[in-house]
Amino acid sequence: MTRPPGSRTRLIASATARGRGRRTVNPPLERGSTLLSDRAEDMRDDNLGPVYGLEGLAPQRALAAALADLEGAHRTVLAPSGLAAVTLPLLALLRPGDEVLATDALYGPSRRFLTRFMAARGVTSRFHDPGLKAARVAGLFGPETRLVLVESPASLTFEMVDVPELAALARARGVLSAIDNTWAAGLAFRPLDHGADVSVQAVTKYVAGHSDVLMGAVSVRDPALARALDHAVEDLGWHVSPDDAWLALRGLRTLPIRMAAHA
Ligand SMILES: Cc1ncc(COP(=O)(O)O)c(C=O)c1O
């Protein structure tokens, strides 16, 4: 039986699989707003790719595909910063009257988004002791709890929670689980394999890896969640530049080597 290729192999394979013959490792950098079509009817043919830069050109598409492969996702959506990647699922999936349960050790700006922006729009939040075991966290779910926002390890104080157990308990109660997976970079831990609904990471940190890019990524397996995220990005008009996506893709190829040094 052959073993499926590991992350290190797949991060290289996704570069070399593109096309045949002599070619660059990463897609050439394309910049564009309106794209040219030969015939008017081509603009309606989805098989011919994007018609406008907001839909993402070659670098953004290659990066999103490589991150989706890394996270074991059906879809990865890029966001203009790590914080935007945390806020995207909250914007896309929550409605007035819903409640979010999150660790008290949550990344500060994520907490501020919940207590300032979301609270003003009718979504409430509660924060639990970061040291609680998963069953105790799930014991705090109330009738309005719609999403549990997890960090494991938590920002700065590094408390850990049993993600598979918490995700399973949440699913059983109809509560969505979203995890900020920045510390693991989609490499040391794949939350979607362990039952989480949404895996978020600040690409800014380990994936981009050279302190010259701000970006985030949101990964999901459920096509309905993917559709909700896609619609939110489309409605909000968010965009990640092809230059930044190209830099992040270049960083991604050496992520395993750098993560070993970080660790
Ligand atoms: C755990 C975590 N999540 C999200 C972010 C936000 O990333 P960005 O700075 O790209 O907005 C950070 C940044 O420090 C972080 O540490």
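A residue is near a molecule if one of its heavy atoms lies within 4 Å of it. The exercises below apply to a predicted model.

**Exercise 1.** Determine which residues surround the ligand, and how the shell divides into nonpolar, polar and charged residues.

*Solution.*
Step 1. The residues around the ligand are Ser81, Gly82, Leu83, Tyr107, Ser155, Asp180, Thr182, Ala202, Thr204, Lys205 and Leu214.
Step 2. Sorted by type, this shell holds four nonpolar, five polar and two charged residues.

**Exercise 2.** Identify the polar contacts that Gly82, Leu83 and Thr204 make with the ligand, and state how much of the ligand the protein buries.

*Solution.*
Step 1. A polar contact requires N or O atoms within 3.5 Å.
Step 2. With a backbone N or O atom, Gly82 comes to 2.7 Å from a ligand oxygen, and Leu83 likewise uses a backbone N or O atom, at 2.8 Å from an oxygen of the ligand.
Step 3. Thr204 instead places a polar side-chain atom 2.5 Å from a ligand oxygen.
Step 4. On its own the ligand exposes 390 Å², of which the protein buries 84%.
Step 5. The ligand takes up the space of the second largest pocket.

**Exercise 3.** Examine the salt bridge between Arg39 and Asp42, and decide whether each residue is buried or partly exposed.

*Solution.*
Step 1. Side chains of opposite charge can pair when their charged atoms come close.
Step 2. The side chains of Arg39 and Asp42 form a salt bridge, with N and O 2.8 Å apart.
Step 3. Buried means under 20% relative accessible area. Asp42 has 13% and is therefore buried, whereas Arg39, at 47%, is partly exposed.
Step 4. The whole structure contains ten salt bridges. Another pair is Asp230 with Arg75, whose closest N and O atoms are 2.7 Å apart.

Terms used
Residues numbered from 1 in each chain as written. Predicted model: local features only at pLDDT ≥ 70, side-chain atom pairs only at ≥ 80, totals over all residues. Heavy atoms only, no water. Polar contact = N/O pair within 3.5 Å; in protein donor to acceptor, adjacent residues only side chain to side chain. Areas by Shrake-Rupley, 256 points an atom, 1.4 Å probe, with all protein chains shown as cover. 1 Å grid on protein atoms, 1.4 Å probe; cavity = no way out; pocket = protein on both sides within 12 Å on 5 of 7 lines; lining within 4 Å. Sits in = over half its atoms within 2 Å of the grid points. Nonpolar A, V, L, I, M, F, W, Y, C, P; charged D, E, K, R; others polar. Salt bridge = Lys/Arg side-chain N within 4 Å of Asp/Glu carboxyl O. Buried < 20%, exposed > 50% of the residue type's maximum accessible area, 1.4 Å probe, protein only.
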